[in-house]
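The exercises below walk through a protein chain step by step, each with a worked solution. Please look over the sequence and the structure before you begin.

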Amino acid sequence: MIQKVKETKVRAATELELKEKVVGIQRVAKVTKGGRTFSFSALVVIGDGHGTVGHGLGKAREVQEAISKGIDDAKKNLVKVPILKGTIPHDQLAEFDGAKVLIKPASTGTGVIAGGSMRAVLESAGVHDVLAKSLGSANPHNVVKATIRALTLLRDPYRVAKDRGIKLSKVFNG
């Protein structure tokens, strides 16, 4: 069952130490009267490794400039992700356009079992043990957005325990 996207808390990028990962660089050609004009687009994922992650797209005539624009764009799209003991609290399925992703918690020592662009998002968020599968389109842009959507749909186990009035150990087998 796919849930609706809820409101997410946007974080300020200035107070965080962010590490960036370039997911993909594409060379794009525009055909004009004078010939082809080449430019580059860069898909970038940034995160602090402690539950904050964001993605951005930069376009420019130079590769390095496209990457830096992508980083600036990613800093505007940061979201907070609940992480419990190095993994996610529960299974989550999400989709964005044609991309559909499934993420599951894993036991300690499993590592990040995920494909290229999903791996970049999960590692940037600080998830160390997770099982993930891309079920739909393999388009990196949509897979990144679907993965971030799945991470934002996760429920914080501490908040759930507090709302239910029970101990954390009874909530997500934590």
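Accessible areas here come from the Shrake-Rupley method with a 1.4 Å probe. The model is a predicted one, and the chain in it exposes about 10000 Å², of which carbon and sulfur atoms supply 50%.

**Exercise 1. Describe the chain as a whole: which elements does its secondary structure hold, and in what pattern do they follow along the sequence?**

Step 1. Counting the elements gives five helices and eight strands.

Step 2. Reading along the sequence, one meets them in the pattern β-β-β-α-β-β-β-β-α-β-α-α-α.

Step 3. Turning to burial, where a residue counts as buried under 20% relative accessible area, one finds that 40% of the 174 residues fall in this class.

Step 4. Among contacts between residues at least 6 apart in sequence, 59% join residues that are at least 24 apart.

**Exercise 2. Trace the open sheet that has the order β1-β2-β3-β4, and work out how its strands are joined.**

Step 1. The pairing in this sheet of four strands is antiparallel, and the edge strands, each of which pairs on one side only, are β1 (19-32) and β4 (79-80).

Step 2. Strand β1 is joined to β2 (residues 35-47) by 13 bridges, and the two form a hairpin with two residues between them.

Step 3. Two positions can be located along this pairing: Val31 has Arg36 in β2 as its bridge partner, while Arg27 stands opposite Phe40, also in β2.

Step 4. On the way to the next strand, β2 and β3 form a hairpin with four residues between them, and Gly49 in the turn has a positive phi of about 80 degrees.

Step 5. The strands β2 and β3 pair in the antiparallel sense over eight bridges; here Phe40 appears again, with Ala60 in β3 as its bridge partner.

**Exercise 3. Examine the other open sheet: in what order do its strands stand, and which of them are at the edges?**

Step 1. The four strands follow the order β5-β6-β8-β7, and their pairing is mixed.

Step 2. Because β5 (92-96) and β7 (112-113) each have a single partner strand, they stand at the edges, and one side of each is left without a neighbour in the sheet.

Step 3. The partner of β7 is strand β8 (residues 130-134), and these two pair in the parallel sense over two bridges, with Ile113 opposite Leu131 in β8.

Step 4. Helix α2 (residues 116-125) lies across β6 (99-105), β7 and β8, and runs at about 145 degrees to β8.

**Exercise 4. Follow helix α3 (residues 140-153) and establish how it begins, how far it reaches and what it lies against.**

Step 1. At the start of α3, a side-chain oxygen of Asn139 comes to within 3.1 Å of the backbone nitrogen of His141.

Step 2. The 14 residues of the helix span 20 Å from the first C-alpha to the last, which is close to the 20 Å expected at 1.5 Å a residue.

Step 3. Helix α3 is mostly covered, since ten of its 14 residues are buried; among them are Val143, Ala146, Ile148 and Leu151.

Step 4. One set of neighbours is the sheet with β1, β2, β3 (52-60) and β4, across which α3 lies, running at about 155 degrees to β3.

Step 5. For the sheet of Exercise 3, return to helix α2, which lies across β6, β7 and β8; α3 packs on this sheet as well, touching β5, β6 and β8, and its direction makes about 140 degrees with that of β5.

How values were computed. Residues are numbered from 1 along each chain as its sequence is written. This is a predicted model: local features need pLDDT of at least 70, side-chain atom pairs count only at pLDDT 80 or more; totals for chains, interfaces and linings use all residues. Side-chain values use heavy atoms; hydrogens and water are left out. The expected span of a helix is 1.5 Å times one less than its number of residues. Buried means under 20% relative accessible area, exposed over 50%, partly exposed in between (1.4 Å probe, protein chains only). A polar contact is a pair of N or O atoms within 3.5 Å; within protein, one must be able to donate a hydrogen and the other to accept it, and residues adjacent in sequence count only if both atoms are side-chain atoms. Two strands pair if DSSP finds at least two bridges between them. Contact means heavy atoms within 4.5 Å. Axes are lines fitted to C-alpha atoms, for helices over the stretch in contact, and angles run from 0 to 180 degrees between N-to-C directions.
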